Amino acid sequence: MSKPRDRIIMLFDLDYFYAQVEEIKNPAIRNKPVLVCVYSGRTQNSGVVSTANYIARSYGVRSGMPIVLAKRKLKDIDSVFLPVDHDNYKSASDRVMAILKGHADTLEQVGIDEAYMEVTAKAGGEYARARELAVAAKKEVLEREGLTASIGIGPNKLVAKVAADANKPDGITLVRPEEVLAFLFPLPVDRLMGVGKKTGEKLEAMGVRTIGELAAVSVQRLREEFGDSLGTFLHNASKGMDEEVVHERGDADSISRIATLKEDTRDLGAISAVTDVLCAEVHERLRQRRLSFRAVGVVAIMRDLSIQTRSKTLSEPTDDLAVLRRTTVELIEKLLKESNKYVRRAGVKVSGLVAEKRTQRSLTSFFQ
DNA sequence: GTATGCTTTCGGC
DNA sequence: TTACGGCCGAAAGCATAC
């Protein structure tokens, strides 16, 4: 068994990304609360805040907050509400990621505004040099794109991620291996990636609030409470141990579209009318990437915001829009049969994506 | 028992 | 007091094959 060499990993995280891109596009809004929103189209202000700048956050506005609630928090404050402009954010993101590649051994983009950077070789294994790389990356992104970012540096992805969150916006946080425990222990457990609402509440009930308190619980106890997988993960994470490798990611391996219905309904025809459009949009994206799909999934977000999904794997891949539509309707029908709730939003997803083979047309269809 | 595949849920951004 | 998007990947949970 060979011992893996010590790694140095950075997490690069663009600050309040969508809102920051909007500030660059229109600098006049920079000194006001800026909220980039997803408008669902159901009523004038139905939808949620996707990203808010730090001025808006100082009034209590948060990502995922209903727009109407954000409006209430900003009553009588001169604020800017903008709809998402995904194409613009994507092109800014692409340019930033291209810059980051030049500062890393390996770049793993996560979402539109974050990337893990393995810098072990580039930094020669030295944290002081890793910091210089972080400074250089931030400088180049600021000079070329006008965007600030926050960076965490540590011995693995888990520590790098927590470190990046420790000093935002426009910060660099470096945690050397010998500093990991002192850095993590005072922090609340939910700062660990993988500890969300559910796990956080369960830990709270066990009297565990901080990462240090989590580290004091035996791995046996954690495995009893959370199962082998999550229990082992929590134990390792509490001590800042993580072996996840930084790997470049290819294109997404699923394509999905979802939309909010004009009104809640259980009518198959009304829902199909919407999913037919979503299917066509998914199909267009498949066509652009020259892909066939082998699995189809539907999702329904019900009136009470609970989520139901159904999916079906086909016997062989296809690129046929009619098959996509038919399968979607079939799955929605099944879902409605198995739930009595009203549907608020409906979505379609294809997965099992494979490079399109030359479509083998049957003799009958060939002669038709 | 282990490996693999499929469906559904969870949760980050 | 309520309020409420659109993506994505990972993992859980279960079934089947060997």
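Contacts and cores in a predicted model

Modeller: In this predicted model, a sugar or linking oxygen of DNA strand B is 2.7 Å from an N or O atom in the side chain of Asp113.

Colleague: Why is the pair at Asp113 called a polar contact?

Modeller: A polar contact is a pair of N or O atoms within 3.5 Å. The Asp113 pair is an oxygen of DNA strand B and a side-chain N or O atom at 2.7 Å, so the term applies.

Colleague: What makes Arg294 and Ser311 polar contacts of DNA strand B?

Modeller: The limit is again 3.5 Å. A phosphate oxygen of the strand is 2.8 Å from an N or O atom in the side chain of Arg294, and a phosphate oxygen is 2.7 Å from a polar backbone atom of Ser311. Both therefore qualify.

Colleague: Which part of DNA strand B, sugar and phosphate or bases, supplies most of the atoms within 4 Å of the protein?

Modeller: Sugar or phosphate, with 94% of those atoms; the rest belong to bases. On the protein side, strand β11 (residues 307–318) gives the largest share of the surface, seven residues.

Colleague: How do you know that Val141 touches Phe12?

Modeller: Contact means heavy atoms within 4.5 Å, so Phe12 has heavy atoms within that limit of Val141. Leu14, Val96 and Leu100 are also among the residues Val141 touches.

Colleague: Why is Val141 called part of a nonpolar core?

Modeller: Such a core consists of buried residues of certain types, Val included, joined through side-chain atoms within 4.5 Å. Val141 is one of the 37 residues in the largest core, and among those that touch the most other members. Apart from it lies another core, of 25 residues, including Ile255 and Phe293.

Terms used: Residues numbered from 1 in each chain as written. Chains lettered and ligands numbered in written order. Predicted model: local features only at pLDDT ≥ 70, side-chain atom pairs only at ≥ 80, totals over all residues. Heavy atoms only, no water. Near = heavy atom within 4 Å. Polar contact = N/O pair within 3.5 Å; in protein donor to acceptor, adjacent residues only side chain to side chain. Helix = DSSP H or I, 4+ residues; strand = E, 2+ residues; numbered from the N terminus. Buried < 20%, exposed > 50% of the residue type's maximum accessible area, 1.4 Å probe, protein only. Lists of a residue's contacts leave out its neighbours within four places in sequence.
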